[in-house]
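This report concerns an annotated binding site and two helices. Please consult the sequence and the model shown below.

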Amino acid sequence: MSRQKLKRFDDLRNRHNVIEYDDDRFPNIKSNWGKEIFGNSNPINLELACGRGEYSIGLAKEFPKENFIGIDIKGERLWQGSSKAIEEGLENVAFARNFILDLEQMFSEGEVNDVWIIHPDPRPRDRDEKRRLTFHRFLEIYKRIQGGKGRVYFKTDNTDLFNWTLNEVLPVRDDIKDLHFTDDLHNSVYLREHYGISTRYERKFSKVGETIKYLRFEWKA
């Protein structure tokens with residue numbers, strides 16, 4: 001591992017806006033994000049597999065009275081996101097280094113408001129469908145930590161992942177409502193729901209002519 005990476009990992013361990021699974025604060029963070037990290041009781045929203053945290057940061061600027069947490073397992077990416085949040089003086093953004101399957105180690109039932117899934121790994125092999133972040137076992141986790149309320153937002157450049165989610169996963173569920181979707185976000189009325197925020201993956205694939213797909217839904221009460 002390079003010296004730069006080692007230095008960045010050391011930085012993460014000492015940053016107030018980053019929680020890691022080996023952090024001393026980790027065992028007690030569940031139900032305590034507002035108190036321990038943000039110092040308020042404002043709504044908490046998640047960006048899953050957040051990479052550099054473009055959405056966490058962008059949404060935090062747009063909604064200063066809400067809190068945003070980017071989740072990813074890659075420390076290098078979290079270093080970049082947390083650095084930008086610090087540089088911009090954003091106190092309503094934090095990051096957590098952990099696996100998405102382990103969200104319930106960090107959040108109690110109903111602790112989370114909205115969930116954003118932005119350009120996740122499509123896991124194209126059939127044998128990996130259970131690892132896709134829109135698969136049922138993940139949706140059940142989101143539903144629990146959201147307390148069966150709030151919205152789930154999903155954005156991807158991958159047509160197969162989008163169609164699989166829209167046509168195979170969601171139709172067999174009886175616990176969602178107000179489903180909205182488009183297979184061309186940039187030429188739809190839903191673009192305004194993204195407040196001008198984009199990711200490097202979105203820009204990369206848009207340049208080569210790939211349309212950006214998007215859907216959102218709410219849980220039934």
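In which helix does Glu 202 lie? Glu 202 lies in helix α7, where helices (H or I, at least four residues) and strands (E, at least two) are DSSP runs numbered from the N terminus. The model is predicted, so local features need pLDDT of at least 70 and side-chain atom pairs count only at pLDDT 80 or more, whereas totals for chains, interfaces and linings use all residues. Residues are numbered from 1 along each chain as its sequence is written, and side-chain values use heavy atoms, with hydrogens and water left out.

**Annotated site**

An unreviewed UniProt entry places the feature "binding site" at Asp 157, Thr 199, Arg 200, Tyr 201 and Glu 202; such annotations may be inferred rather than shown by experiment. These residues span 46 residues in sequence, yet no two of their C-alpha atoms are more than 11.3 Å apart, so they gather at one spot. Of these residues, Asp 157, Thr 199, Arg 200 and Tyr 201 are included in the lining of the largest pocket. On a 1 Å grid over the protein atoms alone, a pocket is an open set of points where a 1.4 Å probe fits, with protein on both sides within 12 Å along at least five of seven lines; lining residues have an atom within 4 Å of a point.

The table covers two of the annotated residues. Buried means under 20% relative accessible area (1.4 Å probe, protein chains only), and contact means heavy atoms within 4.5 Å. Neighbours within four places in sequence are left aside for Thr 199, as are residues up to four places away for Glu 202.

| Residue | Location | Relative accessible area | Contacts |
|---|---|---|---|
| Thr 199 | loop between β7 (176–182) and α7 (200–207) | 5%, buried | Glu 54, Tyr 55, Ile 118, His 119 |
| Glu 202 | helix α7 | 2%, buried | Tyr 55, His 119, Lys 155, His 186, Ile 197, Ile 212 |

**Helices α5 and α4**

Helix α5 (residues 136–145) has Phe 138, Leu 139, Ile 141, Tyr 142 and Ile 145 buried. Seen down the axis of α5, its buried residues fall within an arc of 155 degrees (taken from the directions from the helix axis to the C-beta atoms), so they line one face of the helix. They pack against β2 (44–48), β5 (115–118), α6 (159–169) and β8 (213–219). Gly 147, just after α5, takes a positive phi of about 65 degrees.

In helix α4, the buried residues include Leu 78, Trp 79 and Ala 85. Gly 89, just after α4, takes a positive phi of about 65 degrees.

Note on methods: Buried means under 20% relative accessible area, exposed over 50%, partly exposed in between (1.4 Å probe, protein chains only).
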